[in-house]
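Student: I'd like to learn how to read helix packing, chain symmetry and odd backbone angles in a model like this one. Can we go through it feature by feature?

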Number of protein chains: 4
Amino acid sequence: MDLKLNPSSSVPIYAQVVSQVRALVASRALRAGDQLPSIRDLAASLRINRNTAAKAYEALESDGVIEMRQGHGCYVTGRGVTPWSKEERLRRLERAIDQALVEAYHLGVPFEEIPGLVRRRLERFKKEESA
Amino acid sequence: MDLKLNPSSSVPIYAQVVSQVRALVASRALRAGDQLPSIRDLAASLRINRNTAAKAYEALESDGVIEMRQGHGCYVTGRGVTPWSKEERLRRLERAIDQALVEAYHLGVPFEEIPGLVRRRLERFKKEESA
Amino acid sequence: MDLKLNPSSSVPIYAQVVSQVRALVASRALRAGDQLPSIRDLAASLRINRNTAAKAYEALESDGVIEMRQGHGCYVTGRGVTPWSKEERLRRLERAIDQALVEAYHLGVPFEEIPGLVRRRLERFKKEESA
Amino acid sequence: MDLKLNPSSSVPIYAQVVSQVRALVASRALRAGDQLPSIRDLAASLRINRNTAAKAYEALESDGVIEMRQGHGCYVTGRGVTPWSKEERLRRLERAIDQALVEAYHLGVPFEEIPGLVRRRLERFKKEESA
DNA sequence: GTGGTCTAGACCACG
DNA sequence: GTGGTCTAGACCACG
């Protein structure tokens, strides 16, 4: 699991780990049941403190992305036992989409180009998935 | 300018102001040349610290979203003053789109539904724009 | 003896075994003199580590819930072998009751509903007992 | 806010803080909007590490019992925006009640005494509430 | 070996 | 002043 950390980013290190693991799971590079490196190993390979690695894993666990088992290790959870209602889930997704649209506006990317771009990124995700 | 701030969110208040002003501009509720309230007035109306309001405006200015003219006030700038190259801008947008896709995966929303959703949000943006 | 263990719970497995055996005894599904599976058998049937099973039995024994007779096996003891004084016992029970009341408050269950609920659970216990 | 910690208990210090604050809120010794001591002050008064105090407050926040505000402090939340369904809430409460009943059995307290005891503890809660 | 807790202490971000 | 992050390092509980 090779994550790329930016220690000078304003995004905390543990949050960078969280979002990259979430992305790996979403792109199916990590799948349900897969074992993650232990907290110790992760900390060593990223050269961060054990507590920082533990904080990232804790956040991922309370997110429902991974499970940590006593004395065993950390495993990717099965997908989607999210405790949220259908409406709440839609609301959250719309918020993420709107953020991308706002970003597009301010970057000067015409709205007409968005659907094509989204389709391209989706294809890339699916390709990784079937790989 | 009525922004909805959540003081108990983990997102800093100044960042909430920034992202909501950016959204207002993107949805054309605020347009190039429009005047924003002064730092002092914004702080008063939102009942936030003046330093917080100032910090938000600074961030918006260095983002190229607003301009502060000494003794005149704050104005929404024209679009496309972003300091980034075409490639950098595409990279940033793809990152925002990917974040929405990762969110969709973890929320259990099937990828097939994404393009439709994006189109719907785009329509809403355009409607607000023409209003 | 079919116990339902949750390996991803934050409650240690041995403690899950202990509390479920205590519940079985309290509901009279297990009665004084009944023989429990050996440590080896329990570990095999629950597919847990033998040390874990042994630790659970040790805790149950020092609690006075079971007795382990060298070379004979494990047996449920008679009731009321608790080593505590009348006052201490009352204090412990009140603590358990208070915990339920605190839980009720935070779950938003009105206090008026508590006595009815307690009565219902008591009936269920007695029914299992007479079964 | 005087909490009594037992450093030699097997219950982690932060968890002791959590459960005692929950009890204070449930007994209305702390009410919605009340400010809690800052992490620094709590740590100093309990003579524990700031990180340990912070961990307790974080847990209380993710439980919905308190809110922490940037640069302001910690406040008791309004009651009961628990994200759980009515059924889940009942299930959790029943579990807590059952634990008290199991405890009663093993302590040799006759089931007949339970309803009276529960009523007494409820009265004590309500008295504190109106005080 | 694995995760969990705790401390001491530094530095930063926020308002 | 308040909370948030991070490190180094110790010791413990679990399986």
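Tutor: Sure, let's begin with a helix pair: α5(A) passes α5(B) in a right-handed crossing. Keep in mind throughout that this is a predicted model.

Student: What do the axes of helix α5 of chain A and helix α5 of chain B do: how close do they come, and at what angle do they cross?

Tutor: The general idea is that two packed helices are described by the angle between their axes and the distance between the axes. Here both helices span residues 113–130, and their axes come within 10 Å and cross at roughly 155°. Anything over 145 degrees counts as roughly antiparallel, and α5(A) and α5(B) are therefore roughly antiparallel to each other.

Student: Which residues in α5(A) meet which in α5(B)?

Tutor: On the chain A side you'll find I114(A), P115(A), V118(A) and L122(A), and they meet I114(B), P115(B), V118(B) and L122(B).

Student: How are chain A and chain B related by rotation and shift?

Tutor: In general, two copies of a chain are related by a rotation about an axis and a shift along it. For this pair, turning chain A by 180° with 0.1 Å of shift along the axis lays it on chain B, at an RMSD of 0.3 Å. The two copies are thus related as by a two-fold rotation axis. The same surface serves both copies, too: 98% of the contact residues of chain A recur in chain B.

Student: And what turn lays chain D on chain C?

Tutor: A turn of 180°, with a shift of 0.1 Å along the axis and an RMSD of 0.3 Å. In that pair, 100% of the contact residues of chain D recur in chain C, the same surface serving both copies.

Student: Which helices could I look at between chain C and chain D?

Tutor: Try helix α4 of chain C (residues 86–107) and helix α1 of chain D (residues 13–26), whose axes come within 9 Å and cross at roughly 70°. That makes α4(C) and α1(D) roughly perpendicular to each other, and the crossing is left-handed. The residues that meet are V102(C), E103(C), Y105(C) and H106(C) from α4(C), with R22(D), A23(D), V25(D) and A26(D) from α1(D).

Student: How far apart are the nearest C-alpha atoms of chain B and chain C?

Tutor: They are 19 Å apart, and those two chains do not touch. Chain A and chain D do not touch either, with their nearest C-alpha atoms 8 Å apart.

Student: Let's go inside one chain. How many helices and strands are there in chain A?

Tutor: Chain A has five helices and three strands, and along the sequence they follow the pattern α-β-α-α-β-β-α-α. Its C-alpha atoms fill a box of roughly 50 × 35 × 30 Å along the principal axes. Chain A has 131 residues, of which 40% count as buried.

Student: Which residues are buried in helix α2 of chain A?

Tutor: The idea to carry with you is that an α-helix has 3.6 residues a turn, so residues three or four places apart point the same way. In α2(A), residues 39–46, the buried ones are I39(A), L42(A), A43(A) and L46(A). They cover an arc of only 100° around the axis, which puts them on the same side of α2(A). R40(A), A44(A) and S45(A) are exposed on the other side.

Student: What do the buried residues of α2(A) pack against?

Tutor: Three elements of chain A: α1 (13–26), α3 (50–62) and β2 (66–69).

Student: Last topic: which residue just after α2(A) takes a positive phi?

Tutor: Most residues other than glycine have a negative phi, and most peptide bonds are trans. Just past α2(A), R47(A) has a positive phi of about 50°. R28(A) is not a glycine, yet has a positive phi of about 65°. R28(A) sits in the loop between α1 and β1 (35–36) of chain A and is partly exposed, at a relative accessible area of 24%.

Student: What is the phi of R28(D)?

Tutor: About 70°, again positive although R28(D) is not a glycine. R28(D) lies in the loop between α1 and β1 of chain D, and with 24% relative accessibility R28(D) counts as partly exposed.

Definitions and conventions
Residues are numbered from 1 along each chain as its sequence is written. Chains are lettered from A and ligands numbered from 1 in the order in which they are written. This is a predicted model: local features need pLDDT of at least 70, side-chain atom pairs count only at pLDDT 80 or more; totals for chains, interfaces and linings use all residues. Side-chain values use heavy atoms; hydrogens and water are left out. Copies are superposed by least squares on the C-alpha atoms of residues with pLDDT of at least 70 in both. Contact means heavy atoms within 4.5 Å. Buried means under 20% relative accessible area, exposed over 50%, partly exposed in between (1.4 Å probe, protein chains only). Helices (H or I, at least four residues) and strands (E, at least two) are DSSP runs, numbered from the N terminus. The arc is that of the directions from the helix axis to the C-beta atoms. Axes are lines fitted to C-alpha atoms, for helices over the stretch in contact, and angles run from 0 to 180 degrees between N-to-C directions. Angles under 35 degrees count as roughly parallel, over 145 as roughly antiparallel, 65 to 115 as roughly perpendicular and the rest as oblique. A crossing is left-handed if the near helix is turned anticlockwise from the far one by less than a right angle, and right-handed if clockwise.
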